[in-house]
Each structure stands twice: as C-alpha cells, then as structure tokens.
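Open your viewer, show the chain as a cartoon, and keep the selection box handy. We will go from stop to stop, with something to pick at each one.

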Amino acid sequence: MSVKILMVCLGNICRSPLAEGILTSKLPKHGFFVDSAGTGTWHVGNAPDTRSIATAKRNGIDISHQRGKHFKPSFFKEYDYIYVMDINNYQDVLQMAKTETDKQKVRLILDEVFPGENLDVPDPYHGVQLNFDQVFDMLDEACESIAKKLLKKQS
C-alpha cells in the first residue's frame with residue numbers, strides 16, 4: 001500500500017505542481033504517490049505555468065506532464081496527507097472536510113519548516129521568473145522535511 005500525498009494551491013499551475021515534482025523527486029517510486037490539485041477551476045486540464053516548468057527543469061525535475069485538477073471532497077478519502085500552500089486555500093480545503101480525521105490530514109506546507117507560524121508560500125503567478133525560483137527554494141526545503149518524516153515512518 002502506498003502513502004498518498006496531495007499538494008494544493010489555488011490554480012494548480014504554479015506552486016502545487018512544483019511541490020508535487022519536488023516531493024516526488026525526493027521519495028522512492030515504490031510506496032509513495034504524490035499528486036496536486038487546485039481549489040479553483042480555471043486551469044483544470046492545463047499544464048503548469050511555463051515559468052514553473054522552467055524553474056523545475058533548471059533543478060532537474062520535469063513537471064511538464066502534469067495537468068491541473070480541481071480539489072474535490074472525495075480527496076480526503078484518497079490521500080493520507082494534504083499539504084496546502086497558503087492560509088486561504090487551507091481554509092477552503094478545511095471547509096470541505098466532513099470529519100475530524102479529514103481535517104487532521106490538512107497542513108500548511110511551510111509549517112514543516114516553520115512549525116506553527118502559519119506562513120504562506122507566495123503565489124508567483126503575477127510575478128517574474130525570480131519569484132518562481134524563490135517559491136521553488138521554499139518548497140524544496142519543506143519537501144525535504146516531509147520526505148525525511150515519511151521515510152522515517154516507513155522504516
């Protein structure tokens with residue numbers, strides 16, 4: 001049985017695809033499944049933002065095959081961990097939770113690096129390439145922490 005992790009942002013074309021690609025690169029292929037989704041529907045079926053693809057590629061990760069999907073309440077049953085990029089999306093996801101168990105699966109991703117500080121990964125969509133690179137670095141650090149914890153639980 002595989003551990004299933006979902007990364008969530010607003011449009012599922014900038015932050016969550018990067019987080020999906022980064023965490024996937026840090027975990028063994030067997031035993032883990034990482035995916036991403038957005039709370040909004042604007043980019044369902046679309047590839048990630050070209051700037052996210054470029055940033056990932058410069059860091060040795062290919063996210064060009066990913067396609068945007070919309071977060072659905074059924075994902076609480078499908079995934080073991082749900083990492084959200086910012087407080088607004090965190091609240092949106094929690095509103096869809098039906099049980100306490102659902103709510104306990106949802107975490108702000110930067111709490112992995114800065115526990116309890118409730119920091120947002122800024123949305124780089126209206127920014128420049130440098131903003132995507134900065135987001136990559138934040139997510140890389142958070143995903144490193146997540147990977148270590150998940151691998152420790154598996155051993």
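Start by selecting Glu-144, which is partly exposed, with a relative accessible area of 33%. Bear in mind as you look around that this is a predicted model. Now add Lys-26: it forms a salt bridge with Glu-144, and the closest N and O atoms are 2.9 Å apart. Since Lys-26 sits in helix H1 and Glu-144 in helix H6, the pair ties together parts that are 118 residues apart in sequence. Lys-26 is partly exposed as well, at 23% relative accessible area.

**Along H6**

Next, select the whole of H6, residues 129-154. Its 26 residues should span 38 Å at 1.5 Å a residue, and the end C-alpha atoms, 36 Å apart, agree with that. Show side chains on this helix and look for the buried ones, including Phe-132, Phe-136, Leu-139, Cys-143, Ile-146 and Leu-150. An α-helix has 3.6 residues a turn, so residues three or four places apart point the same way. What do the buried residues of H6 pack against? Colour E1, H1, E2, helix H2 (50-58) and E3 to see their partners.

**Into the core**

Stay with these side chains and move inward. The largest nonpolar core has 28 residues, and Ile-5, Met-7, Leu-23, Ile-109 and Leu-139 are those with the most contacts inside it. Strand E1 (3-9), helix H1 (15-26), strand E2 (32-38), strand E3 (81-84) and H6 each supply at least two of its residues. H6 gives the largest share, eight residues.

Centre the view on Ile-109. Beyond its neighbours up to four places away in sequence, Ile-109 touches ten residues' worth of scenery you can pick one by one, among them Met-7, Ala-19, Tyr-83, Val-121, Leu-139 and Ile-146. Another core, of twelve residues, lies apart from the one you have just seen; select Leu-6, Val-8, Phe-76 and Val-93 to find some of its members.

**Asp-86 and its partners**

Now pick Asp-86, in the loop between E3 and helix H4 (87-96). Is Asp-86 buried or exposed? With 8% relative accessibility, Asp-86 counts as buried. Show what surrounds this residue: leaving aside neighbours within four places in sequence, Asp-86 is in contact with Arg-15, Leu-108, Asp-120 and Val-121. Draw a distance between the side chains of Asp-86 and Arg-15, and you will find a polar contact at 2.8 Å.

**Two more salt bridges**

The count of salt bridges comes to eight, and two more make good stops. Select Asp-35 and Lys-69, whose side chains meet in a salt bridge (2.9 Å, N to O). Asp-35 lies in strand E2 and Lys-69 in the loop between H2 and helix H3 (75-78), so this pair ties together parts 34 residues apart in sequence. Asp-35 is buried, at 9% relative accessible area, whereas Lys-69 is partly exposed, at 27%.

Then go to Glu-112 and Lys-149, another salt bridge, with the closest N and O atoms 2.9 Å apart. Glu-112 is in the loop between strand E4 (106-108) and H6, and Lys-149 is in H6, 37 residues away. Here Glu-112 counts as buried, at 13%, and Lys-149 as partly exposed, at 46%.

**Last stop: the cysteines**

Select Cys-9 and Cys-14. Why is there no bond between them? The sulfur of Cys-9 is 6.7 Å from that of Cys-14, its closest cysteine sulfur, which is too far for a bond. Both residues count as buried: Cys-9 at 2% relative accessibility and Cys-14 at 3%. A search of the whole structure finds zero disulfides.

Conventions
Residues are numbered from 1 along each chain as its sequence is written. This is a predicted model: local features need pLDDT of at least 70, side-chain atom pairs count only at pLDDT 80 or more; totals for chains, interfaces and linings use all residues. Side-chain values use heavy atoms; hydrogens and water are left out. A nonpolar core is a set of buried Ala, Val, Leu, Ile, Met, Phe, Trp, Tyr and Cys residues joined through side-chain atoms within 4.5 Å. Buried means under 20% relative accessible area, exposed over 50%, partly exposed in between (1.4 Å probe, protein chains only). Helices (H or I, at least four residues) and strands (E, at least two) are DSSP runs, numbered from the N terminus. Contact means heavy atoms within 4.5 Å. The expected span of a helix is 1.5 Å times one less than its number of residues. A polar contact is a pair of N or O atoms within 3.5 Å; within protein, one must be able to donate a hydrogen and the other to accept it, and residues adjacent in sequence count only if both atoms are side-chain atoms. A disulfide is a pair of cysteine sulfur atoms within 2.5 Å. A salt bridge is a side-chain nitrogen of Lys or Arg within 4 Å of a carboxyl oxygen of Asp or Glu.
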